Amino acid sequence: CSDQVQSIELLRTSQSWNNMELPDYPQGKPEIVAVKYIIPPGAKLNWHHHVSMNHGILVQGELTIIGKDGVTTTIKEGEAVVEMVDAIHRGENKGKKPVILYMFYLSQKDLPLSVPYNETK
């Protein structure tokens, strides 16, 4: 029957996009957060890091992710990504159309989704 539901696994991993092992789950009550990001062409996000695990699906455009250590990857439409935890990085939209990215954070109440990197520290 052509109207059957399909299930297509996009990602199953214990590592972030740069092959770093993800941390163990923290203790305490979980808070799941879903965010839609729209990143205009030419935009560069500020350097930051995440304190909780997160992953997402890029549904439009291409996003280049750059680690402070120089490691880089480019996520394309339809691809899943697992962000680094406690590692400084940023995203750049080097393309000609807005990036639309849905991210899902496995967090806890009162934790920030990202923490800005202050180079003067």
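These notebook entries record what I looked up in a predicted model of a protein.

**Entry 1. Overall build**

I began with the secondary structure of the protein, which comes to 0 helices and 9 strands. Reading from the N terminus, I therefore noted a run of strands, β-β-β-β-β-β-β-β-β. I then looked up the extent of the protein: along the principal axes, its C-alpha atoms fill a box of roughly 60 × 40 × 25 Å. The protein has 121 residues, and 33% of them count as buried.

I also asked how far apart in sequence the contacting residues lie. Among contacts between residues at least 6 apart in sequence, 78% join residues at least 24 apart.

**Entry 2. Surface and charge**

For the accessible surface of the protein I recorded about 8,000 Å². Carbon and sulfur atoms account for 52% of that surface. I next looked up the charges, of which 12 are positive and 14 negative. The mean positions of these two sets are 7 Å apart.

**Entry 3. The largest nonpolar core**

Which residues have the most contacts inside the largest nonpolar core? I found Leu-58, Leu-63, Ile-65, Val-81, Val-99 and Leu-101, in a core of 15 residues. At least two residues of this core come from each of β1 (30-39), β4 (62-67) and β8 (99-108). The largest share is that of β8, with 4 residues. I set beside this a general remark: nonpolar side chains in soluble globular proteins tend to be buried together.

I followed one core residue, Leu-63, in detail. Apart from neighbours within four places in sequence, Leu-63 is in contact with Ile-39, Leu-58, Thr-73, Thr-74, Ile-75, Gly-91, Glu-92, Asn-93, Val-99 and Leu-101. Of these, Leu-58, Val-99 and Leu-101 were already on my list of core residues with the most contacts.

**Entry 4. Strand β8 and its partners**

Why is β8 largely enclosed by the rest of the structure? I noted that 7 of its 10 residues are buried, so the remainder of the structure largely encloses this strand.

I then looked up the strands that pair with β8. β1 runs antiparallel to β8, and 10 bridges join them. As an example from this pairing, Pro-30 has Gln-108 of β8 as its bridge partner. Strand β3 (residues 53-60) is also antiparallel to β8, and here I recorded 7 bridges. In this second pairing, Ile-57 has Tyr-102 of β8 as its bridge partner.

**Entry 5. Asn-54**

I stayed with strand β3, where Asn-54 has its place. Is Asn-54 buried or exposed? Its relative accessible area is 2%, so it is buried, the limit for that term being under 20%.

Not counting residues up to four places away in sequence, Asn-54 touches Val-81, Val-82, Glu-83, Met-103, Phe-104 and Tyr-105. I also looked up its separation from Val-115, which is 61 residues away in sequence. From C-alpha to C-alpha, Asn-54 and Val-115 are 14 Å apart in space.

**Entry 6. Strand β7**

I looked up which way the residues of β7 point. His-89 and Gly-91 point one way, Arg-90 and Glu-92 point the other way, and all are buried. β7 pairs with β4 in the antiparallel sense, over 4 bridges. Within this pairing, Ile-66 stands opposite Arg-90 in β7.

**Entry 7. Two residues with positive phi**

I searched for residues other than glycine with a positive phi and wrote down two examples. Asn-19 has a phi near 70°, and Asp-86 has a phi near 60°. Where does each lie? Asn-19 is found in the segment before β1, whereas Asp-86 is in the loop between β6 (80-82) and β7 (89-92).

I then checked accessibility. Asn-19 counts as exposed, at 57% relative accessibility. Asp-86 is exposed as well, with a relative accessible area of 56%.

**Entry 8. Pro-23**

My last entry concerns Pro-23, which lies in the segment before β1. Its relative accessibility is 37%, so I entered Pro-23 as partly exposed. Leaving aside neighbours within four places in sequence, I found Pro-23 in contact with Met-53 and Val-85. Finally, I compared Pro-23 with Met-103, which is 80 residues away along the chain. Their C-alpha atoms are separated by 18 Å.

Definitions and conventions: Residues numbered from 1 in each chain as written. Heavy atoms only, no water. Buried < 20%, exposed > 50% of the residue type's maximum accessible area, 1.4 Å probe, protein only. Contact = heavy atoms within 4.5 Å. Areas by Shrake-Rupley, 256 points an atom, 1.4 Å probe, with all protein chains shown as cover. Lys, Arg positive; Asp, Glu negative; His and termini not counted. Charge placed at Lys NZ, Arg CZ, Asp CG, Glu CD. Core = buried A, V, L, I, M, F, W, Y, C linked by side-chain atoms within 4.5 Å. Pairing = 2+ DSSP bridges.
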